[in-house]
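Colleague: Could you take me through one part of this model in detail? I'd like a close look at the protein surface around one of the DNA strands, and then at the helix next door.

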2 protein chains.
Amino acid sequence: MTSAREFKNEVYSTFAEVTKALANPLRLEILDLLLQSPRSVDAIASAIGQSTANTSQHLQVLKRSRVVETRRFGTTIEYALVAGVSEVFVALRRLAEARHPLLDQAKRDYFGEASISRPALRAALASKTAVLLDVRPRLEFEHAHLPGALSIPIRELASRLDELPDDRLIVATCRGPYCTYADEAVHLIRASGREAVRFEDGVGEWVADGGAIA
Amino acid sequence: MTSAREFKNEVYSTFAEVTKALANPLRLEILDLLLQSPRSVDAIASAIGQSTANTSQHLQVLKRSRVVETRRFGTTIEYALVAGVSEVFVALRRLAEARHPLLDQAKRDYFGEASISRPALRAALASKTAVLLDVRPRLEFEHAHLPGALSIPIRELASRLDELPDDRLIVATCRGPYCTYADEAVHLIRASGREAVRFEDGVGEWVADGGAIA
DNA sequence: CATGAACTCAATATAATACTTGATTAGTGA
DNA sequence: TCACTAATCAAGTATTATATTGAGTTCATG
């Protein structure tokens with residue numbers, strides 16, 4: 001019979017297997033990507049700027065602690081978040097931001113763009129004074145998006161600016177608060193003479209908080 | 001001007017400072033203790049069965065990542081959780097348990113005790129067919145407890161059994177699902193001829209979920 | 001100001017992690 | 001079967017984390 005102390009050791013060690021999987025910047029970046037949609041190893045590797053081998057090894061770590069799961073399609077293997085992970089991820093990010101206001105500061109310093117909050121966005125959409133523009137790649141948009149959002153991937157935006165109304169505020173959104181696509185979009189749209197701001201959160205936060213998705 | 005990649009590195013590295021603090025079994029056990037009430041270094045050290053020096057160093061890690069904070073009282077220094085941490089901790093524990101059913105299994109195998117769920121407890125308390133007994137140390141009880149709970153610390157329970165009603169179900173609760181005091185209490189109370197079960201969660205979970213506290 | 005208690009710090013040995021390189025496996029299609 | 005692509009594995013090195021020991025602080029009290 002094991003002692004109560006051994007039992008505790010086992011419990012907290014098992015618990016720590018999950019937290020250790022989250023204890024690495026690259027793996028957090030990977031989870032942030034997977035929060036949007038499942039991806040292949042190669043796609044993740046190029047998104048985070050790492051070698052395939054290194055990316056694969058990080059993915060093994062996440063898989064071993066059952067934070068992600070895999071499906072095979074021919075020669076490619078698709079990694080996806082396990083249910084329940086997105087809630088923890090978003091909660092953790094909130095905590096990190098509350099403890100380190102510099103995160104927010106760094107973002108502001110770097111981009112200097114205006115952003116719109118969730119309640120303000122809701123109000124603006126309801127009164128039809130704004131439209132929501134999702135600039136993520138088509139696949140991610142199709143996987144999940146906010147209701148009423150327009151989809152123009154950032155790569156196509158420059159050539160499709162004429163699809164945007166010019167009498168409303170354009171609210172650009174992408175993966176999350178650290179995704180820079182929305183900021184690029186704001187630049188582009190403003191250059192065309194329209195008004196634009198970025199959504200201060202992102203699709204990930206909204207969905208994790210139970211926001212309706214289409 | 002920093003590149004978008006450097007900005008991302010900074011963001012996820014800062015983020016990982018928090019997750020790294022959680023990536024160790026002893027530190028998780030410490031957080032589980034602090035979820036109940038603030039404590040001195042010595043108290044934590046003896047609770048987790050580690051040297052004062054080692055405990056102090058783990059606490060420094062938690063403090064550096066701003067997961068805990070300190071207050072000095074004379075020669076003793078009290079460590080406490082920072083606001084927002086308990087939510088993350090409980091969410092993480094849920095995820096860990098969902099991924100590792102063995103945790104639950106191990107608990108059941110070891111204790112073999114019956115437990116009562118939250119809705120069932122609410123109903124039983126409302127109909128006055130059960131009383132809730134909190135067996136944590138007095139200080140923790142005073143720091144926060146569930147409404148209507150009776151307080152008899154586990155050490156005093158054997159000599160105070162006559163304070164318990166003998167016509168109602170006694171529901172024992174302590175810190176959390178891995179705290180073994182509640183199981184010991186159930187043993188003792190059953191030996192006195194009364195009916196007893198443990199509460200399947202613990203005070204920590206209930207409070208983190210917004211349950212009313214006295 | 002000397003003492004003891006509560007805690008922190010510094011130095012060390014050991015163990016675990018991260019990233020690279022190059023080899024290997026699994027599946028696809030000519 | 002052969003070549004090609006996607007992914008994993010294995011080995012080596014550099015870095016980082018952990019627990020122990022013993023010394024050093026800080027503060028209340030006589």
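Modeller: Here is a walk along that surface and then into the helix. Keep in mind that this is a predicted model.

Let's start with DNA strand D, which has 22 residues around it. The closest of them come from both chains: Asp42(A), Ser56(A) and Tyr79(A) on one side of the list, Asn24(B) and His58(B) on the other. Of the strand D atoms that come within 4 Å of the protein, 72% belong to sugar and phosphate. Sorted by class, the surface near strand D has 13 polar residues, six nonpolar ones and three charged ones.

Which elements supply at least two residues each to that surface? From chain A they are helix H3 (41–48), helix H4 (52–64) and strand E3 (76–81), and from chain B they are H2 and helix H4 (52–64). H4(A) gives the most, with five residues.

Now for some individual atom pairs. On the chain A side, the side chain of Gln57(A) has an N or O atom 3.4 Å from a base nitrogen of strand D. Chain B offers two pairs with phosphate oxygens: the side chain of His58(B) has an N or O atom 2.6 Å from one, and for the side chain of Asn24(B) the distance is 3.0 Å.

Asn24(B) is also the way into the helix. Asn24(B) caps the N-terminal end of H2(B), with a side-chain oxygen 2.8 Å from the backbone nitrogen of Leu26(B). H2(B) itself is mostly covered, as nine of its 10 residues are buried. Among them are a run of leucines and other residues, including Leu26(B), Leu28(B), Ile30(B) and Leu34(B), but also Arg27(B) and Asp32(B).

Glu29(B) is worth a pause. This residue sits in H2, which spans residues 25–34 of chain B. Is Glu29(B) buried or exposed? Its relative accessible area is 3%, under the 20% cut-off, so Glu29(B) counts as buried. Ala47(B) is 18 residues away from Glu29(B) in sequence, and the two C-alpha atoms are 9.3 Å apart in space.

Past the helix, Ser37(B) lies in the loop between H2 and strand E1 (39–40) of chain B. Ser37(B) is buried too, because its relative accessibility is 6%. Setting aside neighbours within four places in sequence, Ser37(B) is in contact with Glu140(B) and His143(B).

Conventions
Residues numbered from 1 in each chain as written. Chains lettered and ligands numbered in written order. Predicted model: local features only at pLDDT ≥ 70, side-chain atom pairs only at ≥ 80, totals over all residues. Heavy atoms only, no water. Helix = DSSP H or I, 4+ residues; strand = E, 2+ residues; numbered from the N terminus. Buried < 20%, exposed > 50% of the residue type's maximum accessible area, 1.4 Å probe, protein only. Contact = heavy atoms within 4.5 Å. Polar contact = N/O pair within 3.5 Å; in protein donor to acceptor, adjacent residues only side chain to side chain. Near = heavy atom within 4 Å. Nonpolar A, V, L, I, M, F, W, Y, C, P; charged D, E, K, R; others polar.
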